[in-house]
Amino acid sequence: MSAGSVHKPLREVLEGKRQTVPPVWLMRQAGRYLPEYQTVRKTVGGVLELCFSPKLAAEVTLQPIRRFGFDAAILFSDILVIPHALGRSVRFTAGEGPQLEPLDDLSAMMALRDEVDHVVLAPVYETVGLVKSELPPEVTFLGFCGGPWTVATYMVAGHGTPDQVPARMFAYRHPEAFARLIDILVEASTQYLIRQLGAGVDAVQIFDTWAGVLPPEEFERWCIAPTQRIVNDVRRAVPSAKIIGFPRGAGTKLTRYVDETGVDAVGLDWMIDLGFACEQIQRRRPVQGNLDPLALRAGGAALDRGVDAILAALSGGPFIFNLGHGILPDTPIAHVEQMLKRVRG
């Protein structure tokens, strides 16, 4: 897939080219902090219904581009569409987050369907086409999936937990069964990303939100190795694919992650030391991040200091400005505008 002759600043960063003004987008930029999103959200029953309504999902994908002029649009969807397409019950309950049918015993794990149903995911691919037809040509279009480890943590527990004990215990006690789950998710995620790229996204991101709870050996087994397989298999099908990895909480394990997975760029969470990020990570790959979402919510001088520190540390190399995790729902729009003005000078 060629990006063509159009200047796409963010795509160029993924190719290793520093931009004078860093391109900007925000994780969860299409979401609850926007009144226009809230208006659309009220017209559907739940998050999954919105994900599988192509015209509405395309609309909310485009909303932050219209309002802020971000350098990337990210497909509006959810990492848990994959378990849903594997035949598992997935629902989102207001105030409680996602609720899944838990894979909490060996018999349930071994009975899991081993192929994703792309008919279920067809509305997502339709959304990609709708967004692509309306997106300004200079804006990079990002698709995504969840990291197999992170998706597995929700599937095992049936819901989010603070430190992912259910999945960690299952992996320790039943490593072969857990490895089968990871294998299924690697294949499903690979095919999902390949189809997103075929439908028109310019690059993809792998969100491994719960990577940071794993000790080094388990991090290698359940985060690095599955991500490496996805990267290799996606590139085998789409040689020009650009892939961003985001193993939140990885800390100093980021160097191994970058070296071994082969991702084109790596997202940094807000907890990482900027000196380490500059000296050990950015010299290996382009980096993306890493403003604390709370600093954006706070605004004022704290926001300016956070933006300035990141720019001072990372803007000398290939760099995408972003948050260190998703934007918080109660973030004032004026603070996003303040951040953009600061980044873009």
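## A strand hairpin

Two strands are counted as paired if DSSP finds at least two bridges between them. In this predicted model, strand S2 (90-93) and strand S3 (97-100) are joined by four bridges and run antiparallel. Within this pairing, Phe92 stands opposite Pro98 in S3.

The hairpin that S2 and S3 form has three residues between the strands, and in this hairpin Gly95 takes a positive phi near 85°.

## The largest pocket

Phe92 also belongs to the lining of the largest pocket, where it is among the residues that lie nearest the centre, together with Arg28, Arg32, Val47 and Asp78. The lining comprises 43 residues, and the space in this pocket is about 1300 Å³.

Both strands of the hairpin, S2 and S3, give two or more residues to the lining of the largest pocket, as do helix H2 (35-41), helix H3 (47-51) and helix H8 (148-157). By class, the lining of this pocket divides into 21 nonpolar, 14 polar and eight charged residues.

## A cavity lined by H9 and H11

Besides the pocket, the model holds one cavity of 30 Å³ or more, and the volume of the largest cavity is about 40 Å³. Its lining consists of Trp149, Arg168, Ala171, Tyr172, Leu214, Pro215, Glu218 and Trp222, which by class are six nonpolar, no polar and two charged residues.

Helix H9 (165-173) and helix H11 (216-237) each supply at least two residues of this lining. Of the elements involved, H9 gives the most, with three residues.

## Helix H7 against helix H10

Two packed helices are described by the angle between their axes and by the distance between those axes. For helix H7 (residues 118-134) and helix H10 (residues 175-199), the angle is about 35° and the axes are 9 Å apart, while the crossing in which H7 passes H10 is right-handed.

On the H7 side, the residues that take part in the contact are His118, Leu121, Val124, Tyr125, Val128 and Gly129, and in H10 they meet Gln191, Tyr192, Arg195, Gln196 and Ala199. Taken by class, the residues of this contact between H7 and H10 divide into six nonpolar, four polar and one charged.

How values were computed
Residues numbered from 1 in each chain as written. Predicted model: local features only at pLDDT ≥ 70, side-chain atom pairs only at ≥ 80, totals over all residues. Heavy atoms only, no water. Axes fitted to C-alpha atoms, helices over the stretch in contact; angles between N-to-C directions. Left-handed = near helix turned anticlockwise from the far one by under 90°. Contact = heavy atoms within 4.5 Å. Nonpolar A, V, L, I, M, F, W, Y, C, P; charged D, E, K, R; others polar. 1 Å grid on protein atoms, 1.4 Å probe; cavity = no way out; pocket = protein on both sides within 12 Å on 5 of 7 lines; lining within 4 Å. Points joined across faces, edges and corners; volume = space filled by probe spheres on them.
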